[in-house]
Amino acid sequence: MRLSTLKRFLASDGIVELLALARLDAMASNKDMTAVEFCEQKLAELSAEQIKPPPLLRGRDLIELGFEPGPLFAEILQAVGDAQLEGTLTDREQATEWVKQHYEVGSEKSEG
């Protein structure tokens, strides 16, 4: 699992209750607590800021870069958010440059 995926999962509403339920389910079935314990450990290790940091970019930032609101916004913001959670992007300037390198203004397709 990618770190960004794990962090998005740990940021879910009700994660503590979900992990408690998963623990009870595991205890009642296969007794394998590996996944539950892993998630509980990561939840304890990571700060709330690391799990769900404020976004580096928002839609208004994309508009300022020349993008028009639409479906591509979600794709770009998701990609920037994933890179932020992975630790690849750490500030707004980096995120802005990353978007300029990976997406073409006025295009519906990403460059990668």
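## A tour from R92 to the largest pocket

Start by selecting R92, which counts as partly exposed because its relative accessibility is 36%. Bear in mind along the way that this is a predicted model.

With R92 still selected, add D61 and display both side chains, which meet in a salt bridge with an N to O distance of 2.5 Å. The two residues are 31 apart and belong to distant parts of the chain, with R92 in helix α7 (residues 92–102) and D61 in helix α5 (residues 59–64). D61 has a relative accessible area of 8%, and since buried means under 20%, D61 is therefore classed as buried.

Next, add E64 to the selection, because the side chain of R92 also forms a salt bridge with that of E64, here at 3.8 Å from N to O. R92 lies in helix α7 and E64 in helix α5, so this pair ties together parts of the chain that are 28 residues apart in sequence. E64 has 61% relative accessibility and so counts as exposed. Keep the three residues on screen together, for D61, E64 and R92 are joined into one network by salt bridges that share partners.

The structure holds seven salt bridges, and another one to visit is found by selecting E45 and K42, whose side chains meet at 3.3 Å, N to O. How far apart are E45 and K42 in helix α3? They are three residues apart in that helix (residues 34–45), which means that about one helical turn separates them. E45 counts as partly exposed, at 45% relative accessibility, and K42 is likewise placed in the partly exposed class, with a relative accessible area of 24%.

Now move to K7, in helix α1 (residues 3–10), and display the charged side chains around it. Which side chain of opposite charge is nearest to K7? It is that of E86, at a distance of 7.5 Å, and K7 is buried yet has no salt bridge; a salt bridge would need a side-chain nitrogen within 4 Å of a carboxyl oxygen. Turn on the backbone atoms as well, and the oxygen of L85 can be found 2.9 Å from a polar atom of the K7 side chain. To see what else surrounds this lysine, select L46, Q50, I51 and L85, with which K7 is in contact once its neighbours within four places in sequence are left aside.

The last part of the tour concerns the largest pocket, which has a volume of about 270 Å³. Of the 17 residues that line the largest pocket, those to select for its centre are R8, P53, P55, G81 and Q84, which are the closest to that point. Colouring by helix is useful here, as α1 and α6 (71–86) each supply at least two residues of the lining. Which helix gives the most to the lining of the largest pocket? That helix is α6, with six residues.

Finish by selecting Q84, whose place is in helix α6. At 14% relative accessibility, Q84 counts as buried, and its contacts, leaving aside neighbours within four places in sequence, are with P53, P54, P55, L56 and L89. Among these partners, P53 and P55 are also listed with Q84 as residues closest to the centre of the largest pocket, and keeping them selected brings the tour to its end.

Notes
Residues are numbered from 1 along each chain as its sequence is written. This is a predicted model: local features need pLDDT of at least 70, side-chain atom pairs count only at pLDDT 80 or more; totals for chains, interfaces and linings use all residues. Side-chain values use heavy atoms; hydrogens and water are left out. Helices (H or I, at least four residues) and strands (E, at least two) are DSSP runs, numbered from the N terminus. Buried means under 20% relative accessible area, exposed over 50%, partly exposed in between (1.4 Å probe, protein chains only). Lys and Arg count as positive and Asp and Glu as negative; His and the chain ends are not counted. A polar contact is a pair of N or O atoms within 3.5 Å; within protein, one must be able to donate a hydrogen and the other to accept it, and residues adjacent in sequence count only if both atoms are side-chain atoms. Contact means heavy atoms within 4.5 Å. On a 1 Å grid over the protein atoms alone, a cavity is a set of points where a 1.4 Å probe fits but cannot get out, and a pocket is an open set with protein on both sides within 12 Å along at least five of seven lines; lining residues have an atom within 4 Å of a point. Grid points are joined across faces, edges and corners, and a volume is the space filled by probe spheres set on the points.
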